[in-house]
Amino acid sequence: MRADAVRGHLDGLLLAVLEHGPLHGYAIITAVQRRSGGALELRTGTIYPTLQRLERLGYLRSSWDAVGERRRRRYELTDAGRRALAEERAAWREFTAAIGSVLNPAT
């Protein structure tokens, strides 16, 4: 799938995979890939700046998690993040309905 197809929807994708609990960056990338059936492959250079921006907006909070000798930052949704996810889903439904009515008009 083209990278530009994800543009504009990345916030919603990241918020959605964090809906069921905290994950670290690589697990988020893996979850998006798995849930999309392999169609979406996100790059770390895209994910981490977006996660940081979502945290600055108050949609996520992060904490450090130690795994053996490695430390990883885990991200989780805040209440504001859950509201933002609901808004993303509503906007997505409106968008797909509008595009669908153009591409597949009812006769």
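**Exercise 1. The surroundings of T78**

Which residues does T78 touch, not counting residues up to four places away in sequence? Place T78 in the predicted model and state whether T78 is buried or exposed.

*Solution.* Step 1: locate the residue. T78 sits in the loop that lies between β3 (70–77) and α4 (79–103).

Step 2: list the contacts. With residues up to four places away in sequence left out, T78 touches G58, Y59, L60 and R61.

Step 3: apply the cut-off for burial. A residue counts as buried under 20% relative accessible area. T78 has a relative accessible area of 10% and is therefore buried.

Step 4: add a distance. R53 and T78 are separated by 25 residues in sequence, and their C-alpha atoms are 14 Å apart in space.

**Exercise 2. The packing of α1 and α2**

Determine how the axes of helix α1 and helix α2 are oriented, and describe the contact of the two helices.

*Solution.* Step 1: take the geometry. The axes of α1 (residues 10–17) and α2 (residues 25–35) come within 10 Å and cross at roughly 100 degrees.

Step 2: classify the angle. Angles of 65 to 115 degrees count as roughly perpendicular. The helices α1 and α2 are therefore roughly perpendicular to each other.

Step 3: name the residues. On α1 the contact is made by L13, L14, A16 and V17, and on α2 by I28, A31, V32 and R35.

Step 4: sort them by character. The residues of this contact comprise seven nonpolar, no polar and one charged.

**Exercise 3. The nonpolar core**

Identify the elements that build the largest nonpolar core, and examine L51 within it.

*Solution.* Step 1: state the extent. The largest nonpolar core has 21 residues, and L14, L18, L51 and L60 are those with the most contacts inside it.

Step 2: assign the elements. Two or more residues each are given to this core by α1, α2, α3 (44–56), β3 and α4. The largest share, five residues, comes from α1.

Step 3: follow one residue. L51 touches L14, L18, I28, L60 and Y75, not counting residues up to four places away in sequence.

Step 4: set this in context. In soluble globular proteins, nonpolar side chains tend to be buried together.

**Exercise 4. The sheet**

Derive the strand order and the pairing of the sheet, and relate α3 to the strands.

*Solution.* Step 1: order the strands. The open sheet has three strands in the order β1-β3-β2, with antiparallel pairing.

Step 2: find the edges. β1 (23–24) and β2 (60–67) are the edge strands, each pairing on one side only.

Step 3: inspect one pair. β2 and β3 are joined in the antiparallel sense over eight bridges, and V67 stands opposite R70 in β3.

Step 4: add the helix. α3 lies across β2 and β3 and runs at about 125 degrees to β2.

Terms used:
Residues numbered from 1 in each chain as written. Predicted model: local features only at pLDDT ≥ 70, side-chain atom pairs only at ≥ 80, totals over all residues. Heavy atoms only, no water. Axes fitted to C-alpha atoms, helices over the stretch in contact; angles between N-to-C directions. Helix = DSSP H or I, 4+ residues; strand = E, 2+ residues; numbered from the N terminus. Parallel < 35°, antiparallel > 145°, perpendicular 65-115°, else oblique. Contact = heavy atoms within 4.5 Å. Nonpolar A, V, L, I, M, F, W, Y, C, P; charged D, E, K, R; others polar. Buried < 20%, exposed > 50% of the residue type's maximum accessible area, 1.4 Å probe, protein only. Core = buried A, V, L, I, M, F, W, Y, C linked by side-chain atoms within 4.5 Å. Pairing = 2+ DSSP bridges.
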